[in-house]
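Hi,

Here is the structure I said I would pass on. Have a look first, and my notes follow underneath.

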Amino acid sequence: MAKRSLQTGVAYHGNRMPSHVRADMAEIARADMDIVVHMLSHTDWERHKTVMKDIFAITEDAGMDVWVDNWGLGGAPGDKSHFLSYHPDAHMMNSDGTIHPYQVCLNSPEYRQFVKDWLYTVAEIGGKTVFWDEPFFPTPKPKSPEDRVIYTCRCPRCQKMYEERYGKEMPTLLCPEVDAFRSATLLDYFGEITEYSASLGLYNAVCVMLKPHYGISLDTLDQICSLPHLHNVGCDPYWYSHGEDVNPYQFVYEKTKKNMQIATDYKKDHNVWIQTYHVPRGREEEIIEATAAAYDAGARTLLAWGFRGSESNDYRAENPERTWNMTVEAMRRIRAVERDRIWEENRKKFMH
């Protein structure tokens with residue numbers, strides 16, 4: 001089946017019962033969506049592998065593509081990984097000498113092999129697209145203004161690599177050279193991982209956060225766009241956390257426009273996310289406004305996080321039912337606009 005010019009979709013997690021999945025996929029299909037993003041956490045890998053294979057198949061049988069999220073595989077965002085239980089020396093370390101409790105250092109060779117094994121599983125159980133979810137370096141919560149320059153990762157491995165590269169000890173406070181080292185770490189990690197993923201026949205999509213101090217963000221997205229096996233670059237212009245005064249249309253339009261320019265410059269596909277979690281009661285209709293803004297800015301792959309207002313999570317919308325209704329309505333409206341645009345183009349071709 002030919003790919004439609006406008007792709008819409010939703011993230012789905014919190015359920016591993018195929019009988020319920022069938023009903024949910026049917027509901028998403030009735031909303032005329034094209035993509036479902038499924039999580040494949042470390043726990044899913046170890047305990048639900050066959051179930052996830054069934055869930056992928058159910059999704060495709062309902063007429064939708066499956067994107068597989070590396071949910072919590074090396075830390076946030078997502079569920080916690082068990083990897084660090086077996087490799088405690090792979091913990092990220094904050095530059096004040098404390099250990100990050102659940103984030104994995106991307107320079108760990110054991111972790112890179114772990115991710116490759118996960119990718120092999122993704123391909124084995126029928127995945128075709130890997131969705132690399134918000135890669136970032138966590139920033140320790142500051143206790144004072146001075147603490148804002150504490151960073152990750154400054155583990156012994158990173159210190160050694162930094163010293164070999166710069167010929168001096170790795171600083172304990174964030175500075176431009178440390179920032180460049182961290183960006184190089186992400187570039188090297190994703191270069192190796194996406195090359196292996198592509199060798200398995202998988203398509204690689206990434207979504208970055210907006211915040212510039214977390215490593216790769218929308219402001220620095222171009223740093224990884226040169227990777228030949230990274231096929232799709234996106235962002236998540238979530239606006240609800242910015243307060244009631246933010247204009248949803250303006251906020252989402254501007255961030256999406258920037259994402260689209262980067263994707264165009266590097267000849268990449270794109271993905272843009274619409275926030276349907278943490279939705280305050282009474283502000284659900286902003287989802288329609290934000291979705292229209294992303295579409296108007298040029299986005300043609302739009303996804304919502306997540307299904308039914310993410311009601312299976314503590315960060316769910318305050319009114320999940322109304323949030324889901326607004327999500328479906330928002331996607332329906334841009335689908336109608338896109339359909340009318342195509343029809344009008346075809347009429348002009350016929351008339352001339």
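**Pockets first**

The largest pocket holds about 820 Å³ of space. Bear in mind throughout that this is a predicted model. That pocket has 30 lining residues, and Glu-134, Met-209, Asp-236, Tyr-238 and Tyr-277 are the ones nearest its centre. β5, β6, α8 (248-265) and β9 (269-275) each give two or more residues to the lining. If you sort the lining of the largest pocket by class, you get 18 nonpolar, seven polar and five charged residues.

The second largest pocket comes in at about 350 Å³. Its lining has 20 residues, with Lys-3, Gln-7, Ile-35, Asp-65 and Trp-67 nearest the centre. Here the elements giving two or more residues are β3 (65-69) and β9, and β3 supplies the largest share, three residues. The class split for the second largest pocket is six nonpolar, seven polar and seven charged.

**One cavity**

There is also closed-off space to look at: the structure has one cavity of 30 Å³ or more. The largest cavity holds about 230 Å³. It is lined by 19 residues, and nearest its centre lie Asn-70, Ala-76, Leu-106, Tyr-111 and Pro-135. β5 (99-104), β6 (129-133) and α7 (176-199) are the elements that give two or more residues to this lining. By class, the cavity lining is made up of 12 nonpolar, five polar and two charged residues.

**The barrel**

Eight strands make a closed barrel with parallel pairing, in the order β1-β2-β3-β6-β7-β8-β9-β10. On average, neighbouring strands of this sheet are turned by 25° against each other, ignoring direction. If you want one pair to start from, β1 (residues 7-12) and β2 (residues 35-39) pair in the parallel sense over four bridges. Within that pair, Val-10 has Val-36 of β2 as its bridge partner.

**Backbone oddities to check**

Two cis peptide bonds are worth a look before you set anything up. The bond from Ala-76 to Pro-77 is cis, with omega near -5°, and Pro-77 sits in the loop between β3 and α4 (83-86). Ala-76 also turned up above among the residues nearest the centre of the largest cavity. The other case is the bond from Thr-152 to Cys-153, which is cis with omega near 5°; Cys-153 is in the loop between β6 and α6 (156-166).

Then there are positive phi values in residues other than glycine. Asp-32 has phi near 65° and lies in the loop between α1 (18-30) and β2. Asp-32 counts as partly exposed, at 33% relative accessibility. Arg-308 has phi near 50° and is placed in the loop between β10 (301-305) and α10 (320-351). Arg-308 is buried because its relative accessible area, 14%, falls under the 20% cut-off.

**Cysteines**

How many disulfides does a search of the whole structure find? Zero. Cys-105 is in no disulfide, although the sulfur of Cys-158, its nearest cysteine sulfur, is 3.6 Å away. A disulfide needs the two sulfur atoms within 2.5 Å, so that pair does not count as one. Cys-105 is buried, with a relative accessible area of 2%. Cys-175 is in no disulfide either, and its nearest cysteine sulfur, again that of Cys-158, is 14 Å away. Cys-175 is partly exposed, at 22% relative accessible area.

Cheers

How values were computed: Residues numbered from 1 in each chain as written. Predicted model: local features only at pLDDT ≥ 70, side-chain atom pairs only at ≥ 80, totals over all residues. Heavy atoms only, no water. Buried < 20%, exposed > 50% of the residue type's maximum accessible area, 1.4 Å probe, protein only. 1 Å grid on protein atoms, 1.4 Å probe; cavity = no way out; pocket = protein on both sides within 12 Å on 5 of 7 lines; lining within 4 Å. Points joined across faces, edges and corners; volume = space filled by probe spheres on them. Nonpolar A, V, L, I, M, F, W, Y, C, P; charged D, E, K, R; others polar. Pairing = 2+ DSSP bridges. Axes fitted to C-alpha atoms, helices over the stretch in contact; angles between N-to-C directions.
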